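Please walk through the model below, looking at its backbone and at its internal spaces. The explanation starts with individual residues and then turns to the cavities.

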Amino acid sequence: MKTYKYLFLLIGLSIIGCSDLEEHPVGLLSPDGFYSTVQDIQTGVDGSLTHAMNEQIWGRKLSMSLLVRSDMVQLNSEQTYRREMDMHSVTGDNEMVYDPWRRIWLGIAAANNTIAGAEDVAVDEEVKNPVTAQAYFARAFYYFHLVRLFGDIPYIDTPVTDMDAAVSIGLTPEAQVYENIISDLEYAKTWLPNTQVSRSIPSKAAASSYLSLVYLTMAGTSDNTYFQKAFDEAKEVIDNKGVYNLDLDPDFQTLFNANKIDASLEPIFALDYNAYEADDNGYDQTAPMTGIRGDDDDQGWSVLSPTMAVYESFDPDDYRTNVSFQTEATIGGVTVDYTQFKISGHEHAKNSPYIAKYTRYPGPYARSNKRATSHNNSMLRYAEVLLIAAEAGVEIGNPLALDYINQVRARARKGGASTSGGYTEVVIPASTVPADLTSVTVEDVLEERRIELAFEGKRWYDIKRRQLGDQVFSASGYEGAKPDWNSSVDYDTPIPQDEIDSNPNIGN
């Protein structure tokens, strides 16, 4: 069952009274009269989580912002709003700021409606709370993105129906937002079942795994209290992987193969698309944004591609390099390597490798250029939990850190069924790369995250939480110097200016 594949936004129901955030402050949504059954609660949860699948969040705007703000891709586009993101000269008028901001708030508002509306459903807690807990998870999921992007933000945990009250809402300190996220995830962990029929439905494993990532983020560079909590929470997931039905997938390529991913045990929480072009741009556009311009495989627009330095930083004998990068294409009936990709004649085409994770196996898709794919985008997967435990373990001196990182590296050595840089699938044999480490440092784990989670929207958050900006955006970085980078202000995204104009209390 793929519960969230059909994007029936709650905006289309009477549950939401006012959703135009260009004109109104966030949170003006009302659940009055809608909730009477547990199924109504589930409908509310589904409506909240489908906002994440919109073009304004993971369908394009937020996912691409996270890529371009990191040190992993080059921008092949001159649109001002994208260039600002790439060069870290972001303003509050940038649509890649205000579109995700507003869509995230719609998701939060829908979760708040559901939590409040569930109080009107007269059934036993044992029946109601496991469904309501999904709404708590959804709210935590959205706020976790929001606080990492913007820092201090408004925190709203009830439906807001009073305009005067809405315009008086101020900023909540980042630390308090994190405590609220933890509270929601702890509630979710208490009531959610160990497993669900789909990885797109929040489970106890998802709540616990996100708690470990939240604690790792709160630890920053030096807080051993939170490193210990991150380690303990991640270890709980690892120790109970059988109970939670989790494991590393034997083939790394399967994680990015829409035809196989449903059977994988590795995703913990996923956004599950289904080749359906929903209203309100509620579908996936990642493949064309990262795909080769002008090839014969209908791939894409060449907006983002890795720099050569990034590609060369991956070991060619590491199977993940093959899975992550497209190095061959057929253009005009001729198969060429990346040094000739510009024969397509498109001005944005680049003679460099491209990102392969989203274009190679998209499954059925509803529009040209591989738009509206069937991908399950893993928001968190078991390999990352192992790396969370490894990183936190190094910080607290736990020897299990070495075993956890080596489990991830061992899977990479297995090879699997993929393409060898082009379009013909072959079985790529096992390799000796990457070898097991004999000792492990924090730098080793961060590098493993960079390779394992490449182009999955993780790297920018790692750069921020580890305060790596001055290092990675220097002249020696993979993209070269970013002259506009300013570590004193650029780790946080500016709140949209028109939101501040509507409510000066949220101005920084």
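Gln467 sits in the loop that connects helix 17 (459–465) with helix 18 (469–472). In this predicted model, the residue has a phi of about 55 degrees, a positive value although Gln467 is not a glycine. Gln467 is partly exposed, because its relative accessible area of 47% falls between the limits of 20% for buried and 50% for exposed.

Asp280 also has a positive phi without being a glycine, and here the angle is near 65 degrees. The residue belongs to the loop between strand 2 (267–272) and helix 11 (286–290). With a relative accessible area of 39%, Asp280 is partly exposed.

Another backbone feature is found in the loop that runs between strand 10 (425–428) and helix 16 (442–452), where Pro434 is located. The peptide bond joining Val433 to Pro434 is cis, with omega about 0 degrees.

The next topic is the interior. Rolling a probe the size of a water molecule over the atoms shows where empty space is left. Over the whole structure, such a search gives 10 cavities of 30 Å³ or more.

The largest of these cavities has a volume of about 170 Å³. Its lining consists of 17 residues, and those closest to the centre are Trp58, Tyr358, Asn377, Ser378 and Glu456. Which elements supply at least two residues each to this lining? They are helix 2 (61–69) and strand 8 (376–381). Strand 8 provides the largest share, with 4 residues. By class, the lining of the largest cavity is made up of 8 nonpolar, 7 polar and 2 charged residues.

The second largest cavity holds about 90 Å³ of space. Its lining includes Trp58, Leu66, His145, Arg148, Tyr210 and Leu213. Met379, Glu456, Gly457, Lys458 and Tyr461 also line this second cavity. Two or more of the lining residues come from helix 5 (125–150), and helix 8 (204–219) likewise gives two or more. In the second largest cavity the lining divides into 6 nonpolar, 2 polar and 3 charged residues.

Trp58 and Glu456 link the two descriptions: they are among the residues closest to the centre of the largest cavity, and they also line the second largest cavity.

Note on methods
Residues are numbered from 1 along each chain as its sequence is written. This is a predicted model: local features need pLDDT of at least 70, side-chain atom pairs count only at pLDDT 80 or more; totals for chains, interfaces and linings use all residues. Side-chain values use heavy atoms; hydrogens and water are left out. On a 1 Å grid over the protein atoms alone, a cavity is a set of points where a 1.4 Å probe fits but cannot get out, and a pocket is an open set with protein on both sides within 12 Å along at least five of seven lines; lining residues have an atom within 4 Å of a point. Grid points are joined across faces, edges and corners, and a volume is the space filled by probe spheres set on the points. Ala, Val, Leu, Ile, Met, Phe, Trp, Tyr, Cys and Pro count as nonpolar, Asp, Glu, Lys and Arg as charged, and the others, Gly among them, as polar. Buried means under 20% relative accessible area, exposed over 50%, partly exposed in between (1.4 Å probe, protein chains only).
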